[in-house]
Amino acid sequence: MPKTANIKKLLALYASSPWTCVHQPNKSLIEAYIQRAGNWATIAEVPASPHCNPREVAEFIIRAVNVYERNRGLMSEMAAALDICLETEKLSWAAEHDADVALRRARESGEI
């Protein structure tokens with residue numbers, strides 16, 4: 001199986017709920033809900049070091065993952081709309097509609 005397929009399969013196991021952090025004095029734990037196990041588990045640990053604030057690093061990671069998960073559908077819709085645009089010489093009504101809907105959702109999300 002290609003590496004990208006492995007990553008997509010792995011992400012699907014951990015993507016059902018937003019990831020979260022548990023901060024401790026000398027480290028931060030990143031937790032995800034594991035569907036197969038039916039509960040939350042620590043999937044990564046960010047230790048403290050002289051050059052690393054574990055709270056900031058862990059929160060950066062979970063923000064990136066959670067924003068990605070929240071916007072994954074939007075990204076797929078935008079890619080599909082662009083595919084239609086690239087396949088036609090002129091924009092069809094369907095392509096224009098799909099692009100408009102995806103763009104409106106992206107603007108409403110506040111991420112672009």
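What share of the 112 residues of the protein chain counts as buried? In this predicted model, the answer is 20%.

**Figure 1. The whole chain, piece by piece.** Let's start with the overall layout. The protein chain has three helices and three strands. Walk along the chain from the N terminus and you meet the elements in the order α-β-β-β-α-α. Now look at contacts between residues at least 6 apart in sequence: 32% of these join residues at least 24 apart.

**Figure 2. A close-up of the largest nonpolar core.** Eight residues make up this core: W19, C21, I30, A32, V46, A58, I62 and V65. Two elements, β2 (27-34) and α2, each give two or more residues to the core. The top contributor is α2, with three residues. As background, nonpolar side chains tend to be buried together in soluble globular proteins.

**Figure 3. Helices α2 and α3, packed together.** Two packed helices are described by the angle between their axes and the distance between the axes. Here, α2 covers residues 54-87 and α3 covers residues 93-109, and they pack at an angle of about 150° with their axes 9 Å apart. Angles over 145 degrees count as roughly antiparallel, so that's the label for α2 relative to α3. Their crossing is left-handed.

**Figure 4. Zooming in on the contact between α2 and α3.** On the α2 side, you'll find N71, L74, E77, M78, A81, I84 and C85. Facing them from α3 are A95, D98, A99, A102, R105, A106 and S109. Sort the contact residues by class and you get nine nonpolar, two polar and three charged.

Technical notes: Residues are numbered from 1 along each chain as its sequence is written. This is a predicted model: local features need pLDDT of at least 70, side-chain atom pairs count only at pLDDT 80 or more; totals for chains, interfaces and linings use all residues. Side-chain values use heavy atoms; hydrogens and water are left out. Axes are lines fitted to C-alpha atoms, for helices over the stretch in contact, and angles run from 0 to 180 degrees between N-to-C directions. Helices (H or I, at least four residues) and strands (E, at least two) are DSSP runs, numbered from the N terminus. Angles under 35 degrees count as roughly parallel, over 145 as roughly antiparallel, 65 to 115 as roughly perpendicular and the rest as oblique. A crossing is left-handed if the near helix is turned anticlockwise from the far one by less than a right angle, and right-handed if clockwise. Contact means heavy atoms within 4.5 Å. Ala, Val, Leu, Ile, Met, Phe, Trp, Tyr, Cys and Pro count as nonpolar, Asp, Glu, Lys and Arg as charged, and the others, Gly among them, as polar. A nonpolar core is a set of buried Ala, Val, Leu, Ile, Met, Phe, Trp, Tyr and Cys residues joined through side-chain atoms within 4.5 Å. Buried means under 20% relative accessible area, exposed over 50%, partly exposed in between (1.4 Å probe, protein chains only).
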